[in-house]
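Here are my comments on the model you sent round, set out as numbered points. I have kept to what can be read from the coordinates.

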Amino acid sequence: MAATLEFEKPIQELENKINELRNFSRDKGIDLTNEITTLEKRAMEVRESIYGNLNSWQHVLISRHPERPNTYDYINYIFRDFIELHGDRCFGDDPAVVGGIGRFNGRAVTVIGHLKGKDTKENLARNFGMAHPEGFRKRMRLMKQAEKFKRPVICFSDTPGANPGIGAEERGQFEA
């Protein structure tokens with residue numbers, strides 16, 4: 001079951017009731033189409049009301065939601081034949097930056113994005129989406145390659161910023 005934020009609970013309750021009615025209707029062979037349709041309309045109204053009137057903190061909670069789509073989700077949904085490319089050809093690969101070549105509407109494109117994890121273990125492995133210098137160099141390498149082969153570049157940005165660590169500064173964070 002998806003994690004539900006406090007302000008989303010009225011929506012979740014209505015969706016649970018709709019699912020209960022659907023299951024009951026199917027199991028008992030009773031036509032509850034009118035009741036289900038009424039609840040679906042009510043759920044849509046509540047959803048529009050809640051998401052249309054979010055305060056600043058609620059926007060932050062949604063942006064930090066652990067189950068929201070990340071760069072890989074968008075890549076898998078939008079692009080075909082995606083091939084991920086790794087490394088900056090100088091120091092190493094940065095798991096906080098994903099990039100490669102894929103097809104969008106039949107055309108080859110370069111795709112680059114920041115990548116946070118969906119849980120603590122993944123976030124640690126991906127440095128919470130904070131790129132190291134090698135990540136910035138990888139982005140530049142992929143953009144220059146796209147320019148050379150006249151491919152459009154599509155970027156997904158989902159980062160709190162560059163890695164502020166000493167090691168990143170030693171490896172040229174400022175220049176990258």
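1. Which backbone nitrogen lies 3.1 Å from a polar atom of the side chain of H65? The partner is the backbone nitrogen of E67, and the distance should be read with the reminder that this is a predicted model. H65 itself is placed in the loop between helix 3 (56-63) and helix 4, and with a relative accessibility of 13% the residue counts as buried.

2. H65 also appears in the description of the largest pocket, where it is named with R64, R68, K116 and G117 as lying nearest the centre. The lining comprises 14 residues, and these divide into six charged, five polar and three nonpolar ones. The volume of this pocket comes to about 260 Å³. As background to such a search, rolling a probe the size of a water molecule over the atoms shows where empty space is left.

3. Turning to charge pairs, a search of the whole structure returns eight salt bridges, and I comment on some of them here. K118 pairs with D73, with 2.8 Å between the closest N and O atoms. Because K118 lies in the loop between strand 3 (107-114) and helix 5 (120-125) while D73 belongs to helix 4 (residues 71-78), this pair ties together parts that are 45 residues apart in sequence. Both partners are partly exposed, K118 with a relative accessible area of 32% and D73 with one of 31%.

4. A second salt bridge joins the side chains of K9 and E6, with an N to O distance of 3.2 Å. Here the two partners fall into separate accessibility classes, since K9 counts as partly exposed at 36% relative accessibility, whereas E6 counts as exposed at 59%.

5. The salt bridge between R137 and E134 has its closest N and O atoms 3.8 Å apart, which can be set against the cut-off of 4 Å used for this kind of contact. Both residues sit in helix 6 (residues 133-148), and because they are three residues apart there, about one helical turn separates them. E134 is buried, with a relative accessible area of 5%.

6. R126 deserves a careful look, in my view. This residue is found in the loop between helix 5 and helix 6, and although R126 is buried, it has no salt bridge. The nearest side chain of opposite charge is that of E122, at 4.5 Å; a salt bridge is counted only within 4 Å, so this pair is not included. What the side chain of R126 does have is a polar atom placed 2.6 Å from the backbone oxygen of P95.

7. The loop between helix 5 and helix 6 also holds F128, which counts as partly exposed at 37% relative accessibility. Computed along the sequence, F128 and R107 are 21 residues apart, and their C-alpha atoms are 31 Å apart in space.

8. How far apart are the C-alpha atoms of T38 and I18, which are 20 residues apart along the chain? The separation is 9.5 Å. T38 is part of helix 2 (residues 33-52), where its side chain reaches the backbone oxygen of N34 at 2.8 Å. With 52% relative accessibility, T38 counts as exposed.

9. Two backbone angles should be noted before the model is used further. Most residues other than glycine have a negative phi. D81, however, has a phi near 55°, a positive value in a residue other than glycine, and N105 likewise has a positive phi, of about 50°, although it is not a glycine. D81 is located in strand 1 (residues 80-84), while N105 is in the loop between strand 2 (97-104) and strand 3. Both count as exposed, D81 at 59% relative accessibility and N105 at 73%.

How values were computed:
Residues are numbered from 1 along each chain as its sequence is written. This is a predicted model: local features need pLDDT of at least 70, side-chain atom pairs count only at pLDDT 80 or more; totals for chains, interfaces and linings use all residues. Side-chain values use heavy atoms; hydrogens and water are left out. Buried means under 20% relative accessible area, exposed over 50%, partly exposed in between (1.4 Å probe, protein chains only). Helices (H or I, at least four residues) and strands (E, at least two) are DSSP runs, numbered from the N terminus. A polar contact is a pair of N or O atoms within 3.5 Å; within protein, one must be able to donate a hydrogen and the other to accept it, and residues adjacent in sequence count only if both atoms are side-chain atoms. On a 1 Å grid over the protein atoms alone, a cavity is a set of points where a 1.4 Å probe fits but cannot get out, and a pocket is an open set with protein on both sides within 12 Å along at least five of seven lines; lining residues have an atom within 4 Å of a point. Grid points are joined across faces, edges and corners, and a volume is the space filled by probe spheres set on the points. Ala, Val, Leu, Ile, Met, Phe, Trp, Tyr, Cys and Pro count as nonpolar, Asp, Glu, Lys and Arg as charged, and the others, Gly among them, as polar. Lys and Arg count as positive and Asp and Glu as negative; His and the chain ends are not counted.
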